[in-house]
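Let's learn to read a protein model together. Please have a look at the sequence and the structure first.

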Amino acid sequence: MTNMNLPGIPSAYACYAKNMEILKRSSSGGLFYLLGENVIKKNGVVFGARFDEHWEVVHDKAEKMDELSQYMGSKYLQSKIGDTYILAEKYLKFGRLVLFSGTPCQIAGLKSFLGVEYGNLLTIDLLCHGVPSVVAWREYLKKIRRKSSIRGVNFRDKKNGWMDFSLKIELQNGKIYQKTKETDFFMRGFLKNSFLRPSCYGCQIKKNNVADITLGDFWPVFVKCPEMYNPMGTSIVLVNSDKGMRALQSIEDQLEIKKVDFTEEQIQTLLKAPQMKPAYRDEVFERPSEDILEFCRKRTVPPYAKILKRKIKTELRGFIK
Ligand SMILES: Cc1cc2nc3c(=O)[nH]c(=O)nc-3n(C[C@H](O)[C@H](O)[C@H](O)COP(=O)(O)OP(=O)(O)OC[C@H]3O[C@@H](n4cnc5c(N)ncnc54)[C@H](O)[C@@H]3O)c2cc1C
Ligand code: SF4
């Protein structure tokens, strides 16, 4: 695997983990876990986003393999960065290998905080849709929690496959709430940009390839390289630096991987994916917080035919136990 691209244009690959368990637990192709595993095996430290005890999202570190899995999977919330930049700097100065993963703005923030390049730092960011406000998530959880507290949240459950993913919430009373990205009103509000953070509308950071490696869902896989479609997930990987290329090469034997030709313009389109601000967005947070979700729900109801089709297909999945 060689970097044949012109300087400045990242190399793009379609890939997924050969290990089915890793693939199932990851949002797309499982690259994050394999890269993280490689770093931990070299006595390095991995930073990423995990749930805290309130089912909100925080950045934290993993130094052992049994700590790594909590960072798997996309969490559609702004992750609190806490003291992770300071900790990462400490490990870097100490000479340990550090993998820091986050949204493009978090990686840009880390680099600005560090101020100098470290050879022992590997950074991963994401093709970033943006992050929803935690206020909307708290209101959503209040409704889910009415009968029981929460045991697990998976924004990208692959029960119906990678492309038809659903939000799954396991409750302490044994019930499972599970709805598709179209029928769950938090996911719908997120994907329709109803309550993203203000900085995500017109974000100027994500187009800059700030990290060594950028990971995303390879949604156009059928158009670009259908042979790389895996029903459990295919990632697009943009390799933005020599360090990123070496990291990808180090896990190559654990991947199905194929180079894909994208023009610079196509890559820019992937990276930018500008999030249009709905006309009603400014009104959302002027409302009492308990009204936010209903206000957005009414404005993102999909066409009736689409709902009906989905209902028939899924037999109104929801509390299914
Ligand atoms: C908020 C968000 C928006 C995204 N938007 C898009 C998009 O529009 N298009 C697209 O193609 N892909 C998007 N992705 C990326 C995609 O969903 C996968 O995360 C990516 O393909 C990596 O998948 P994986 O299978 O390699 O690893 P996974 O195991 O799924 O990797 C999870 C990685 O994401 C990090 N992460 C999870 N949640 C957060 C968070 N809230 N903040 C910061 N880092 C987080 C973890 O630390 C870990 O490094 C988004 C991801 C997130 C978190
Ligand atoms: S869209 Fe931009 S500002 Fe929003 S989380 Fe992604 S990188 Fe950060």
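Here is a short dialogue about the sheet and the ligands.

Q: How should I read the numbering, and what kind of model is this?
A: Residues are numbered from 1 along each chain as its sequence is written, while chains are lettered from A and ligands numbered from 1 in the order in which they are written. This is a predicted model, where local features need pLDDT of at least 70, side-chain atom pairs count only at pLDDT 80 or more, and totals for chains, interfaces and linings use all residues.

Q: In what order do the strands of the open sheet lie?
A: Strands are DSSP runs (E, at least two residues), and helices are runs of H or I with at least four, numbered from the N terminus. Two strands pair if DSSP finds at least two bridges between them. Here eight strands form an open sheet with mixed pairing, in the order E3-E2-E4-E5-E9-E10-E1-E11.

Q: Why is one side of E3 and of E11 left without a neighbour in the sheet?
A: Strand E3 (57-62) and strand E11 (255-260) are at the edges and each has a single partner strand, so one side stays free of a sheet neighbour.

Q: How many bridges join E9 to E10?
A: Five, between residues 213-217 and residues 235-239, and these strands run antiparallel. One example is Gly216 of E9, whose bridge partner in E10 is Ile236.

Q: Which residues are closest to ligand 1?
A: A residue is near a molecule if its C-beta atom, placed from the backbone, lies within 6 Å of it. Ligand 1 has 32 residues around it, the closest being Ser26, Ser27, Gly48, His129 and Gly216. Helix H2 (31-41), strand E2 (45-51) and E9 each give two or more residues to this shell.
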